[in-house]
Amino acid sequence: PLIKDLPLRQTEKAARAGSAARSISRALAPTITDSTTSWTFSAYNAEDTEVSISATKRADGTNCYVFVENGEEGTHNWQAVANLFDAQVWTKNTGIFGNPTDVDGNGKVVILYYKMRKNDNSEEPNILGYFFPGDLITGSLPAGVDFSNRMEVFYMNLSFGEPLHSEMQRTLFHEFQHMINYGQRRVQNSKPEMDIWLNEGLAESAEHYGLGTPGTSRIESMNADSSGYIRNGMPLLVWFGDDANYGLSYTFVQYCRLQTGRWDIMTELIDHDYGDYRALEAVVGQKVSEINTFDKMLKAYHIARLVNGSGIHGFQGENSTFRFTLRPPTDSLDSFKLMPGGAIFLPVAKSSLDDFVPSGNGPQVSF
């Protein structure tokens with residue numbers, strides 16, 4: 001499983017930044033400029049321990065600086081990374097999500113590549129990258145926020161391997177979306193932070209939009225369901241940071257995009273006052289009357305995964321891409337519990353349904 005972002009940090013530490021992330025006292029902090037050659041960054045290792053990374057600038061772009069941990073630069077083409085960010089990541093993401101903040105006043109985003117390690121110093125290759133919202137705090141740090149680099153920076157994990165690997169390219173779009181999303185909502189407009197499951201759906205969709213290719217690894221992971229989480233009702237709305245979470249969030253946002261026929265619903269979602277299901281009701285529900293409530297959207301999405309049909313019960317012209325293998329749960333149904341947004345599929349004979357009357361279910365469960 002390829003993990004992007006570190007959910008523990010995002011939910012517990014970054015959320016504490018709150019309204020503290022403001023463009024204030026900028027002149028008091030040193031700033032990276034075109035003439036800067038080296039910098040020492042605060043960062044996290046794979047187990048959320050703060051570490052110090054000494055890095056050298058390896059490439060300049062129109063919209064970015066590429067810094068690489070000292071001793072880990074290898075023979076990679078770092079200018080190609082900066083060129084990719086300028087030509088595709090910046091252009092595509094700002095076009096659909098809006099512009100990032102500029103709390104350090106240099107007009108550029110820093111991309112820091114370093115080897116992410118565990119506390120025992122062994123490398124962790126399965127996390128590709130992350131964005132830490134605390135870096136946009138330019139004033140004093142609130143309780144519980146470990147550090148701030150006081151700049152627009154996101155982090156890429158060289159322990160995964162080649163920086164221009166296709167999955168690493170996708171991660172550039174993914175993490176830049178998180179930076180824009182948080183900056184637009186929290187820093188510039190004091191709106192509530194977007195729910196993680198929806199934010200991740202937009203980030204995964206940024207990869208799809210930016211490169212013009214669907215997230216096949218997420219779809220394949222859902223189909224393989226090696227963990228059994230999907231068949232046992234993995235919830236859409238409760239974030240565990242698992243590969244299955246990413247798949248559900250991505251395919252749900254893509255379902256909404258395909259039902260409306262518009263990529264720019266993502267712009268509207270970031271701009272909306274709410275960063276949760278209410279934004280979807282306002283943005284998607286107003287465009288597609290058959291799914292004008294979140295309840296209807298959830299039901300239609302889960303049925304679309306099952307039947308791969310037409311109308312609201314399919315993925316429109318991309319049914320061939322969003323095809324799913326659905327299996328019955330392996331957990332005992334005698335004490336089965338579903339969490340918000342989860343669904344299970346039970347194959348039964350039609351004759352068994354003729355006289356079926358749901359019982360023992362609360363108002364939040366639909367058959």
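Which strands does H2 lie across? I started with this one and found that H2 lies across E2, E3 (64-69), E4 (109-114) and E6 (153-157). Against E3, H2 runs at about 140°. Note to self: this is a predicted model.

**Entry: the other helix on the sheet**

Next I looked up H3, residues 166-187. H3 packs on the sheet too, where it touches E4, E5 and E6. I got about 155° between the direction of H3 and that of E6.

**Entry: the sheet**

I wanted the strand order, so I traced it: E1-E2-E3-E4-E6-E5. That makes six strands in an open sheet, and the pairing is mixed. At the edges I found E1 (38-44) and E5 (129-131), each of which pairs on one side only. On average, neighbouring strands are turned by 30° against each other, if I ignore direction. Reminder from class: strands of a sheet pair through backbone hydrogen bonds, either parallel or antiparallel.

**Entry: E1 with E2**

I checked this pair and got antiparallel, with seven bridges. E2 covers residues 50-60. Two bridge partners went into my notes: Phe41 goes with Ile53 of E2, and Ser42 goes with Ser52 of E2. The hairpin of E1 and E2 has five residues between the strands, and there Asp48 takes a positive phi near 65°.

**Entry: E3 and its neighbours**

E2 and E3 are antiparallel as well, over five bridges. They form a hairpin with three residues between them. Lys57 stands opposite Phe67 of E3. On to E4: here E3 and E4 run parallel, joined by five bridges. Cys64 has Val109 of E4 as its bridge partner.

Is E3 mostly covered or mostly open? Mostly covered, I found, with six of its six residues buried. On one side I listed Cys64, Val66 and Val68, and on the other Tyr65, Phe67 and Glu69; both faces are covered.

**Entry: H2 against H4**

Back to H2, residues 78-97, this time with H4, residues 196-211. The two pack at an angle of about 120°, and their axes are 10 Å apart. H2 and H4 are therefore oblique to each other, since that is the label for an angle that is not roughly parallel, antiparallel or perpendicular. The crossing of H2 past H4 is right-handed.

Who makes the contact? From H2 I wrote down Gln88, Lys92, Asn93, Ile96 and Phe97. H4 brings Leu202, Ala206, Tyr209, Gly210 and Leu211. Sorted by type, the contact residues come out as six nonpolar, three polar and one charged.

Note on methods:
Residues numbered from 1 in each chain as written. Predicted model: local features only at pLDDT ≥ 70, side-chain atom pairs only at ≥ 80, totals over all residues. Heavy atoms only, no water. Axes fitted to C-alpha atoms, helices over the stretch in contact; angles between N-to-C directions. Helix = DSSP H or I, 4+ residues; strand = E, 2+ residues; numbered from the N terminus. Parallel < 35°, antiparallel > 145°, perpendicular 65-115°, else oblique. Left-handed = near helix turned anticlockwise from the far one by under 90°. Contact = heavy atoms within 4.5 Å. Nonpolar A, V, L, I, M, F, W, Y, C, P; charged D, E, K, R; others polar. Pairing = 2+ DSSP bridges. Buried < 20%, exposed > 50% of the residue type's maximum accessible area, 1.4 Å probe, protein only.
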